[in-house]
Amino acid sequence: MAFLTKLDADEQRRLAALFQKRLEEEGGALFATIGMVANFIPTFFMVKVAQETLSPNTVAKIAAYMPVKKAVAAAKSMRMEFLAEVAPYSQPETLVEMIEALPDKMLVDISRILLAKGHYRTLGGFADHLTAKKLKIMIDYFKENVIDILEIAQCMKNQQRMIEITESLSDDYLLKLMQGISQLEYYALATKLAQKLDIRRQSRLMIKLDASDMAKLSHHYPVEVIAQVIKLVDRKEVELI
């Protein structure tokens, strides 16, 4: 592959165009082949071809077959905006190791761009496969954007993972989540949150909601939970928490 370093800009563009044409014609097996030989392709050339010639969809397919170390090295040299264009075409389950290996700042920067474009489904798909540690980092960084967090959670297949992490956050944050759930009318999330939180904590949070939000959420909470909350509030036991 040493000859690639000797090509001038015009020759690199022509080679890259040929590369894209072959991918469009042959697809499938060729993606796997390119992924396997990626270790032998200079990173600078791979990045140049990816960003200037290949479509985001094509890059996503190749990345699924690339060795993690090489994929991470290439990603670190790419523009965040381009990586954000690739993300919606990716299959998260095939890129878990690569995503976990990315620096936290890169993951945050890419997520910020995706959020700005409203790609909640893409972020939800990746959130389903992130480790709890990485997911917690993302929530901590974007926790002031409660609506965004809820939109991502709504798009997750395994929403319980998000609930388990938010459970460890402060009452003030959980109160914002509950208000956001009421605003967005994502009541299935409210039910899952109710099943996870300690009944005394739920009581403490419920009495801090305004009447409108409390009424909306109460209607979708399990009856037994609401009964226990009312009992604690009537006894004023919440004040002892």
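**Exercise 1. Work out how much accessible surface the protein has and what share of it belongs to carbon and sulfur atoms.**

Step 1: Take the accessible surface, by Shrake-Rupley with a 1.4 Å probe; it comes to about 12,700 Å².
Step 2: Split it by atom type: 55% belongs to carbon and sulfur atoms.
Step 3: Keep the ground rules in mind: this is a predicted model, where local features need pLDDT of at least 70 and side-chain atom pairs count only at pLDDT 80 or more, while totals for chains, interfaces and linings use all residues. Residues are numbered from 1 along each chain as its sequence is written, and side-chain values use heavy atoms, with hydrogens and water left out.

**Exercise 2. Find which residues of helix H4 are buried.**

Step 1: Helices are DSSP runs (H or I, at least four residues), numbered from the N terminus; H4 covers residues 56-63.
Step 2: Apply the burial cut-offs (buried under 20% relative accessible area, exposed over 50%, partly exposed in between, 1.4 Å probe, protein chains only).
Step 3: That leaves Pro56, Thr58, Val59, Ala60, Ile62 and Ala63 as buried, so 6 of the 8 residues in H4 are covered in this sense.
Step 4: For context, buried residues make up 49% of the 241 residues in the protein.

**Exercise 3. Explain where Lys134 and Asp104 sit, and how they pair.**

Step 1: Their side chains meet in a salt bridge at 2.8 Å, N to O (a side-chain nitrogen of Lys or Arg within 4 Å of a carboxyl oxygen of Asp or Glu).
Step 2: The pair links distant parts of the chain, with Lys134 in helix H10 (residues 132-142) and Asp104 in helix H8 (residues 104-116), 30 residues apart.
Step 3: Check the cover: Lys134 is buried at 8% relative accessible area, whereas Asp104 is partly exposed at 33%.

**Exercise 4. Show why Asp109 and Lys105 are separated by about one helical turn.**

Step 1: The salt bridge between their side chains spans 2.8 Å, N to O.
Step 2: Both belong to helix H8 and are 4 residues apart, so about one helical turn separates them.
Step 3: The general rule is that an α-helix has 3.6 residues a turn, so residues three or four places apart point the same way.
Step 4: Compare the cover: Asp109 counts as buried at 14%, while Lys105 counts as exposed at 59%.
Step 5: Now try helix H10: Asp140 and Lys136 are also 4 residues apart there, with their closest N and O atoms 3.0 Å apart in a salt bridge.
Step 6: Asp140 is partly exposed at 32%, and Lys136 is partly exposed at 26%.

Note on methods: Helix = DSSP H or I, 4+ residues; strand = E, 2+ residues; numbered from the N terminus.
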